[in-house]
Amino acid sequence: MRKRYLAPLVLSVLFFAACGGGEKKQENADSASTHESAPAADNSMVSPSASKPVSKGETLMAQSDCKTCHKEEMKVVGPALKDIAGKYPNTPENIDKLADKVIKGGSGNWGEVAMLPHPQISKEDAKEMVTYILSIGK
């Protein structure tokens, strides 16, 4: 009968011992916050493009469903944005043509999978998005 109570008691003691010491951690955190100089921030994991300003086209794309089928460097359902930028020169004619393609949808240029139409996107917004896409290749 004593063995039945001994195992839970030992496990409880081990559990509390492993979780203990919270007061010391708080004291260390308090004393660390009182130091006047803080270590420099480690920005090694921040992308290099994080500091560049975001264009209107990039913002519009982030708010739409474009990233569901298109990634910057990798083909998903549709072509990679860099591949689109590599195929089409950044000219007013191509911007206009691709903006219409975004709005109306279509298939055949990149395979059999059709791009769904986006009639809710205005022509001007579509042009901003295409201008952003075509700037990626540079």
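Is K123 buried, exposed or partly exposed? Select K123 and see: with a relative accessible area of 27%, K123 is partly exposed. A residue counts as buried under 20% and as exposed over 50%, so K123 falls in between. Keep in mind on this tour that you are looking at a predicted model.

**Stop 1: the partners of K123**

Leave K123 selected and add D100. Their side chains meet in a salt bridge, with N and O 2.4 Å apart. D100 sits in helix α6 and K123 in helix α7, so this pair links distant parts of the chain, 23 residues apart. Like K123, D100 is partly exposed, at 24% relative accessible area.

Now add D96. D96 also forms a salt bridge with K123, at 2.9 Å from N to O. Because D96 lies in helix α6 and K123 in helix α7, the pair ties together parts that are 27 residues apart in sequence. D96 counts as partly exposed, at 30% relative accessibility.

Add K127 to finish the group: D96, D100, K123 and K127 are linked in a network of salt bridges. Why can such pairs form? Side chains of opposite charge can pair when their charged atoms come close.

**Stop 2: another salt bridge**

A search of the whole structure finds 5 salt bridges. To visit another one, select E73 and K82, where the closest N and O atoms are 3.1 Å apart. Compare the two ends: E73 counts as exposed at 60% relative accessibility, whereas K82 is partly exposed at 33%.

**Stop 3: a nonpolar patch**

Switch to a surface view and select M74, V76, V77 and V113. Together they make a nonpolar surface patch of about 340 Å². To find M74 along the chain, look in the loop between α4 (66-69) and α5 (81-87).

**Stop 4: the largest pocket**

Rolling a probe the size of a water molecule over the atoms shows where empty space is left. The largest pocket has a volume of about 620 Å³. Which residues should you select to find its centre? Of the 31 residues that line this pocket, the closest to the centre are H70, G78, P79, I84 and M115.

Next, colour the helices α4, α5, α6 (92-104) and α7 (123-136): each supplies at least two residues of the lining. Finally, colour the lining by class, and you will find 18 nonpolar, 9 polar and 4 charged residues.

Conventions. Residues are numbered from 1 along each chain as its sequence is written. This is a predicted model: local features need pLDDT of at least 70, side-chain atom pairs count only at pLDDT 80 or more; totals for chains, interfaces and linings use all residues. Side-chain values use heavy atoms; hydrogens and water are left out. Patches are made of residues with over 30% relative accessible area and no salt bridge: like charges are joined within 9 Å, nonpolar side chains (Val, Leu, Ile, Met, Phe, Trp, Tyr) within 5 Å. Accessible areas come from the Shrake-Rupley method with a 1.4 Å probe; for residues, only the protein chains shown count as cover. A salt bridge is a side-chain nitrogen of Lys or Arg within 4 Å of a carboxyl oxygen of Asp or Glu. Helices (H or I, at least four residues) and strands (E, at least two) are DSSP runs, numbered from the N terminus. On a 1 Å grid over the protein atoms alone, a cavity is a set of points where a 1.4 Å probe fits but cannot get out, and a pocket is an open set with protein on both sides within 12 Å along at least five of seven lines; lining residues have an atom within 4 Å of a point. Grid points are joined across faces, edges and corners, and a volume is the space filled by probe spheres set on the points. Ala, Val, Leu, Ile, Met, Phe, Trp, Tyr, Cys and Pro count as nonpolar, Asp, Glu, Lys and Arg as charged, and the others, Gly among them, as polar. Buried means under 20% relative accessible area, exposed over 50%, partly exposed in between (1.4 Å probe, protein chains only).
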